[in-house]
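Student: Can you walk me through this one? I'd like the ground rules before the details.
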Amino acid sequence: MSHKTSLACAGAFAAAAILAGISPASAHTVIGQRIFPATLTVDDPGVDDEMALPTINYTYNADGSQSYTWNLFYGKRLTADLEVSINSTFLHQINPRSNGWTGIETEVRDQVMVNNEHEFVVSLAVAEEWGATGTAGLDNQYTTITPKALIGKGFGDLQTELLRPIAITGEIQYIVPTVPNVYANGILSQQTPTTVVYGATLQYSLQYMNAYVHEIDGPEILRHLVVDLEANFSTPVSNIGPSVINSVPGTHETTGVVGPGLYYLAHDYELGIYGAFPINQGSGKHPGVFAIVDFFLDDLFPNTLGKPIFGGPESTAFDPWHAFNR
Amino acid sequence: MQRFLKSFIITVLASSLAATAAFAHAFLDHATPGVGTTVSGSPSELTLSFTQGVVVAFSSVTVSGAGGAVPASKPVNDPSNQQIIHVRLGHALKPGSYTVTWHVLSVDTHRTEGSYHFTVS
């Protein structure tokens, strides 16, 4: 491997590490009166039939490289509560230059709790990023398995009208590489830490405000906006290896981004943009930009691609309110 | 590449401004009397405008106030726009707060529901 190639791969791995916990694409979720948009750094908490073409990230990495990624995502409901999805990311990096696919990721997700009245949903998922399925040198040569838990709660059940458009979502992932070490020519080249990724959004929906609380006068566009604050962090927790002096990000360092997002829910699709501010030097040198174009297949093709393969469209997930209030 | 990203952002923002916005799930876009508003005098009917066409045969709208449920007609589509439904009230509303509860089936078969308040002064 040439020095230039090594640098490119190092930069690409750095970018991949920063982005690893950031869900590249996801589906919007409708729970009762609430639309949880597909947010850019924290996966939304439910399931749907959806295609994100593409989700774009721009990051200025700590090592000085700049990365542009295009993620393609397709999610399909098997039942009203069970979704399978596949996605992959194309990486274009400059300084040093590198291009290619970072591998294929699949996921199985189940909505395990739903209450429409209280706009509440909990989902569990298992994702696999398959090793050696991308461009040689850019993808991982090993598979990672990632159990996830996701939660969403809208506050439309509050009495204070101005608070009813608020919603929160959260996500926690436990990323487990299937091999502890990677060797090149018999020499240890990389230790693969287990990582916990966690994030949350605080959303305020003008769409919800207009439809259920108080009509919004003014430009039509305002009735379709959701604004939010998002934060996403990644912390290595085991198999980290010794600290490396001057390593950026540090081998034991928590990395992440925080920032505002703006989402426009339009006819059959969603547009979103997010300003990513690194929390420390290891998370990036400058703010980045993420953007998404998300197509709602359940709305575009309600009788074919956009409906569950088995069963009806109504969730049959466990409802904790009904169960505990009998 | 930066030029591409800027162009992309400008394009998506421009398209969002130009788009005829309507969620494919039928959500309430606006109503008369308006959501959360106060009107002087009783309206004779309610008009609800959704973000998508509504099948009135499988949809319902109820109105209730301090005195209980208000008699109202079944919803009918606006002759010129399937996204709009009208509900005639059975009698004049006394001053007070009223809750409108709607359940609709959109033309793409999604069911949605919601409620809102308005006040008659």
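Tutor: We'll start with conventions, then take chain A, then one residue of chain B.

Tutor: This is a predicted model, where local features need pLDDT of at least 70, side-chain atom pairs count only at pLDDT 80 or more, and totals for chains, interfaces and linings use all residues. Residues are numbered from 1 along each chain as its sequence is written, and chains are lettered from A and ligands numbered from 1 in the order in which they are written.

Student: How many helices and strands does chain A have?
Tutor: Four helices and 16 strands. These are DSSP runs, with at least four residues for helices (H or I) and at least two for strands (E), numbered from the N terminus.

Student: What does the barrel in chain A look like?
Tutor: Twelve strands close into a barrel, in the order E3-E4-E5-E6-E7-E8-E9-E12-E13-E14-E15-E16, with antiparallel pairing. Average twist from one strand to the next is 20°, between axes fitted to C-alpha atoms, with angles from 0 to 180 degrees between N-to-C directions. Pairing takes at least two DSSP bridges between two strands.

Student: How many bridges join E5 and E6 of chain A?
Tutor: Eleven, linking residues 82-94 with residues 98-115. Phe90(A) sits opposite Trp101(A) in E6(A).

Student: Switching chains. Where is Gly65(B)?
Tutor: In strand E4 of chain B, residues 54-65.

Student: Why does Gly65(B) count as partly exposed?
Tutor: Because Gly65(B) has 17 C-beta neighbours inside 10 Å. Buried needs 20 or more other C-beta atoms within 10 Å, exposed 12 or fewer, and partly exposed lies in between; C-beta atoms are placed from the backbone.
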